[in-house]
Structure formats: structure tokens, C-alpha cells
Amino acid sequence: MSRKSKLQHQFIMELKKETKFGESKHKAKEQARNEAAKNHTKFKQVKGIYSHRCFNDYKKSINTYVNWVCKNHSEVKNMEQARRYIPEYVDELRDKGLSEWTVHSYAYALRSAYHCEINDLGIELKTRSRADVIRNRDAEDSALRNDERYEKIVTLAKATGARRMELLRLRKEDFRERTDKEGKQTGELEVFKRGKNGIERWCLVDPQYNEFIRELIATAPTYNFNGEDRLLKKTDLPAKLPIHDCRSDYAVNLYNYFEERGLSSGEIYSCRKDLKGWHYDKGLLELVSINLQHSRDSVVIDYLWKGRN
């Protein structure tokens, strides 16, 4: 086994110790918040790797660091020796022009492998700016997005606001008519989204796509996967098809829909820093947050970027 292979193996074995597959990160956070409130202590972020996707992302980040350290420091033979060069590595990432969001992701992968805090690695993470968030901002210009083969997939993403993995998990029974407190149908549709961190809930379908969804459920074929009849195959949603921006379409449309229905709370959230001057209703943000399966207003505001263009 080569020096690089041995080093990669050491890192991955340590990374595996942080995995908590099958557990709910959402529940762990709630428990930590309750404990902090009970003991009058400051809430500490929950650690651990709760999803296979997160583990794979961290694994890629770790491999990038191993390749770098083997190329630049031939004397390194093990993880402990590699640790001292993390500050140099992070400086080089910034010199290459990588966003602070990307730097954070690399740093947290290393923190997990070393089972420590960021400060223990000898680095300091800078403030992340919304202006740096560019994921799928030019998605509509991509060749795949303009390929008619994926038109229905993109429409489904806009209608549900679902993440990639949530889309792949959708079944016909995950759609239903919404009813009011008296059990009467409202004319709206709901979608049951099985999201990350174990969060599962019924969310509103963007009403402008109701007929599209009804037709899809009536006519679309299904594919058996792990005993479930799902609407999509993995090949229906190629990895290079950009769809994350569809969550922005969904968020903007729902915010406007809720506002038109008079659901504003009158309590205003005023943005700061790069978004200073933009104001949103807190009640509407909370409603959109629930349907996006998030829990913070500040995160929802990031998804409203298409409404600011």
C-alpha cells in the first residue's frame, strides 16, 4: 500500500467513527436545545455525520487534502504529521479564490476526522456572505436544463421545492388533496417530503402546478426500488442536471401566495450586511421555511434570491 493510500485509509477510518447513520440530526438538535435551556447554558452545535451524502462529501474533501499534503510535504507519513499543515492548506484554498462557503466545507471535514474543534486545527474561519452563494445561479442557461427530456423533472422540482434526494423518493401516495380543519378540500395539493436529517412532513405544492401534478399522478409510470413504487429512476435525474435553483422558484412563489392570502404577521425581518434594505414578513418566512423543511428565517431569505433579481 502506498504512502498516500495508507494516509487516506487512516483519515477515512477516523471519519467513519463520526457517522450516526439512521439517527435523526433534527431530533439531536432539538434535544441539545432543550438541554441548554434546562441547564441555562449556551446551545452547542450537534456534531456527527448523519447522512451518507454528507459522509461522501467529507470523504472527497479529505481525499483532496491527502493529495495536497502528499504532493507538497513528502515527509508526512500519518495523520498526526499531516495535521500541522492544515493552516497552510486553508490559506492556499483562499489564495485560489475559493469562497468561504467552500473553505468551511473542507475545514469541517478535517475537523470531523480529527474529532476536534476548528480552532484546534490552527485555523480561523471567516464570515460567509450571501453574496458568495452562487449554487445553480446560472442553471437556466445549462444545456441539460434546456433539454426537453428533463422538462417534467424540472417542473416537478419547481412544484414541490424538493431537494434531489427528496425527488428520487417521491411516490404517488406522497401527494394528496389538502383539507381544512372541517375536512373540506381547499383545492390545494400537498406533497410528503422525506428530507435530510430525518425531517418528514406534508408540504404545500406550488398551486400554479396543481394540474401538472394531478396529471403526473394519473399517468406517470412507477419504478420499484427497495420495495417502494417511486416516480423517478436515478437516470431520470442525472447528477449534472442543476435543479437546486428550483427551490428558489418554489420559495418566491409560496411567499407571494401566502402574502396574497393575507397570512402576513405584520412583524418585519430586516436584512443586514449585503442585503441591507430588504425587508420580509416574519410570518410569511416561517410558512415558507416549514414548506422548504428548514427552521431558520435567515436560511429562507437565501432561497428568495430570484425575487430580488
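This is a walk through a predicted model, one selection at a time.

**Whole chain**

Start with everything shown as cartoon. You should find twelve helices and seven strands in the protein chain. Along the principal axes, the C-alpha atoms fill a box of roughly 70 × 45 × 40 Å. Switch on a surface next: the accessible area of the protein chain is about 17900 Å², and carbon and sulfur atoms own 46% of that. Of the 309 residues, 42% count as buried. If you like contact maps, take the contacts between residues at least 6 apart in sequence: 65% of them join residues at least 24 apart.

**Stop 1: Lys60, on the outside**

Select residues 52-72, which make up helix H3, and pick out Lys60 within that helix. Is Lys60 buried or exposed? Lys60 counts as exposed because its relative accessibility is 59%, and the cut-off for that label is over 50%. Now add Gly307 and draw a distance between the two C-alpha atoms. Lys60 and Gly307 sit 34 Å apart in space, with their positions 247 residues apart in sequence.

**Stop 2: the aromatic cluster**

Stay with helix H3 and show rings. The model has ten aromatic pairs. One of them is Phe11 with Tyr65, an edge-to-face pair with 6.2 Å centre to centre and 85° between the planes. Phe11 belongs to helix H1 (residues 3-16) and Tyr65 to helix H3, so this pair ties together parts 54 residues apart in sequence. Colour by accessibility and both rings drop out of view: Phe11 is buried at a relative accessible area of 0%, and Tyr65 is buried at 0% too.

Before leaving, jump to Tyr257 and Phe258 for another geometry. Their ring centres are 6.0 Å apart with the planes at 55°, so this pair is tilted. Tyr257 and Phe258 are both buried.

Then go back and widen the Phe11 selection. Ring pairs link Phe11, Tyr65, Trp68, Tyr89, Tyr106 and Tyr114 into a cluster.

**Stop 3: Thr160 at the end of H7**

Select residues 151-160, helix H7, and centre on Thr160. With 0% relative accessibility, Thr160 counts as buried. What does its side chain have for polar company? A polar atom of the Thr160 side chain lies 2.8 Å from the backbone oxygen of Leu156. Now expand the selection, skipping neighbours within four places in sequence. Thr160 is then in contact with Leu167, Phe175, Val191, Lys193 and Tyr250.

**Stop 4: salt bridges**

Select the charged side chains. Opposite charges on side chains can pair when the charged atoms come close. How many salt bridges are there here? The count is 21.

Try Asp174 and Arg171 to begin with. Their side chains meet in a salt bridge, 2.8 Å from N to O. Asp174 is buried at 2% relative accessible area, and Arg171 is buried as well, at 15%.

Next, select Glu228 and Arg194. They form a salt bridge whose closest N and O atoms are 2.9 Å apart. Glu228 lies in strand E5 (residues 228-230) and Arg194 in strand E2 (residues 185-194), so the bridge ties together parts 34 residues apart in sequence. Here again, both Glu228 and Arg194 are buried.

Now move to Lys306 and Asp249, another salt bridge, with the closest N and O atoms 2.7 Å apart. Lys306 is in the segment after helix H12 (297-303) while Asp249 is in helix H10 (residues 246-260), so this pair ties together parts 57 residues apart in sequence. Asp249 counts as buried, with a relative accessible area of 17%.

To finish this stop, select Arg171, Glu173, Asp174, Arg194, Glu228 and Arg230 together. Salt bridges with shared partners join these residues into one network.

**Stop 5: the cysteines**

Last, show the cysteine sulfurs. A disulfide is a covalent bond between the sulfur atoms of two cysteines. How many disulfides does the whole structure hold? The search finds zero.

Zoom in on Cys246 to see a case. The closest cysteine sulfur to that of Cys246 belongs to Cys203 and is 16 Å away, so the two are too far apart for a bond. Cys246 itself is buried, at 1% relative accessibility. Pick Cys271 as well: this residue is buried, with a relative accessible area of 6%.

Notes: Residues numbered from 1 in each chain as written. Predicted model: local features only at pLDDT ≥ 70, side-chain atom pairs only at ≥ 80, totals over all residues. Heavy atoms only, no water. Helix = DSSP H or I, 4+ residues; strand = E, 2+ residues; numbered from the N terminus. Buried < 20%, exposed > 50% of the residue type's maximum accessible area, 1.4 Å probe, protein only. Disulfide = S-S within 2.5 Å. Salt bridge = Lys/Arg side-chain N within 4 Å of Asp/Glu carboxyl O. Polar contact = N/O pair within 3.5 Å; in protein donor to acceptor, adjacent residues only side chain to side chain. Contact = heavy atoms within 4.5 Å. Areas by Shrake-Rupley, 256 points an atom, 1.4 Å probe, with all protein chains shown as cover. Phe/Tyr/Trp six-rings, centres within 6.5 Å; stacked < 30°, edge-to-face > 60°.
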